[in-house]
Amino acid sequence: MDQIHKFLNIVFPIVSFFLFIFILPGLSLYRMLRFCITSLFPENLAGKVIIITGASAGIGEHLAYEYAKHGARLALVARREEALAVVAGKAKEMGSPEVIVIKADVSKVEDCKRFVDETINHFGGLDCLVNNAGVGTLGLFEDQQCIADHTSVMDVNFWGSVNATHFALPHLRKNKGRIVVIGSCGAWFNTPQVSIYNASKAAQQSFFETLRIELAPDIGVTIVTPGLIDTQLATDQFIQKTKLNVTPLVSVEGCAKAIVNSVRRGDEYLTEPQWMRTIFLWVMLLSELMNVARRVFAKEGKSRLQNQEFRSNDLVQPLILKRD
Ligand SMILES: NC(=O)c1ccc[n+]([C@@H]2O[C@H](COP(=O)([O-])OP(=O)(O)OC[C@H]3O[C@@H](n4cnc5c(N)ncnc54)[C@H](OP(=O)(O)O)[C@@H]3O)[C@@H](O)[C@H]2O)c1
């Protein structure tokens, strides 16, 4: 058995290299053609029923407006009901025929079941679940006093989307619907200071990539990996000061528009801004260089901590709690 692996260790990379050269041009052509066709004939969202989690602010809020412009019916989910009601009002003005708001915490399994049930009871079906609700924590891992402070990140970002999907699946299957996952570039570009957040997004992406294979062709899965988007989560003072905003911010309106266009084309992946996709190649092909760059980045964060610019307790609070 070991001999076979020794043989494959040498032969498989070489064969793969030549296969890539042979397959990639054809596949690129297919992708280009598919993009042209799906851009010319995108999915019509009028009357479709869409659940958006985390719709009270940021990307989720603007996704609601974007879906509303296309005439979709919306179930908006988040913990802050008043904020959701404001978003619902604007979404109706922008063209949504029907919007309901559901106060729920995606980190609670019973809430996930409830908001799916309420949507089905109200609209009679479901075409798309947008798993957008997310939180993050900041700080170098070594400096954390209590790891339990971070479990909410996994509960919301990973388990929140897994549980919501679990309850939505039978309804999505009936309508041959779609799951949209708002992940993060952090899933594959592991910037320091956000280790638990990155891990939650990597787990989420891996889960939905597996699910995409299991559910095809009935249910599509679009995984969105945003870079830095101009929302409360990204403009938080801590992110500014710890230099996580090294790339220019993308407007939240532009991001939401790109996501809905991508969903209408039936894309499997979207990175916004698109140029950040190239970083994936940098990480894969130039990993040593990228690691050095990120280590420098981490040290800078550490020296700031040592200068007591921040208290370490501040660094472990979920960013979501820092809203004014
Ligand atoms: N902004 C960025 O640069 C960026 C980059 C990459 C990925 N993302 C991802 O994009 C998604 C949206 O982020 P954002 O930038 O729009 O953040 P945001 O402006 O802070 O909005 C987060 C939304 O999630 C909701 N939420 C948080 N915890 C929740 C919970 N337990 N149950 C239900 N809803 C909850 C919040 O509503 P309530 O407080 O009312 O519950 C809010 O509507 C997240 O998954 C985030 O990881 C953002």
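**Note on the predicted model: helix packing, ligand shell and backbone**

1. Helix 5 and helix 6 run roughly parallel to each other. In this predicted model, the two helices pack at an angle of about 10°. Angles under 35 degrees count as roughly parallel, so the pair qualifies. Their axes lie 9 Å apart. Helix 5 spans residues 151–174, and helix 6 spans residues 195–215.

2. Who makes this contact? From helix 5 come Val 153, Met 154, Asn 157, Phe 158, Ser 161 and Val 162. Helix 6 brings Ile 196, Tyr 197, Ser 200, Lys 201, Ala 203, Gln 204 and Phe 207. By class, the contact residues are eight nonpolar, four polar and one charged.

3. The ligand has 30 residues around it. Which come nearest? They are Gly 54, Gly 58, Arg 79, Arg 80 and Gly 134. Two elements give two or more residues to this shell: helix 2 (58–69) and helix 7 (232–235). The shell divides into 16 nonpolar, eleven polar and three charged residues.

4. Look at the loop between helix 6 and strand 6 (220–226), where Pro 217 sits. The peptide bond leading into Pro 217 from Ala 216 is cis. Its omega is near 0°.

5. A cis peptide bond also joins Glu 272 to Pro 273. Here omega is about 5°. Pro 273 belongs to the loop between strand 7 (269–272) and helix 10 (277–285).

6. Lys 176 has a positive phi, near 50°, and is not a glycine. This residue lies in the loop between helix 5 and strand 5 (178–182). Is Lys 176 buried or exposed? Lys 176 has 11 other C-beta atoms within 10 Å. The cut-off for exposed is 12 or fewer, so Lys 176 is exposed.

7. Gln 193 is another residue with positive phi that is not a glycine; the value is about 85°. Its place is in the loop between strand 5 and helix 6. Within 10 Å, Gln 193 has 25 other C-beta atoms. A residue with 20 or more counts as buried, and therefore Gln 193 is buried.

8. For checking by eye, begin with the two cis bonds, Ala 216 to Pro 217 and Glu 272 to Pro 273. Then set the two positive-phi residues side by side: Lys 176 is exposed, whereas Gln 193 is buried.

Notes. Residues numbered from 1 in each chain as written. Predicted model: local features only at pLDDT ≥ 70, side-chain atom pairs only at ≥ 80, totals over all residues. Near = placed C-beta within 6 Å. Helix = DSSP H or I, 4+ residues; strand = E, 2+ residues; numbered from the N terminus. Nonpolar A, V, L, I, M, F, W, Y, C, P; charged D, E, K, R; others polar. Axes fitted to C-alpha atoms, helices over the stretch in contact; angles between N-to-C directions. Parallel < 35°, antiparallel > 145°, perpendicular 65-115°, else oblique. Contact = placed C-beta atoms within 7 Å.
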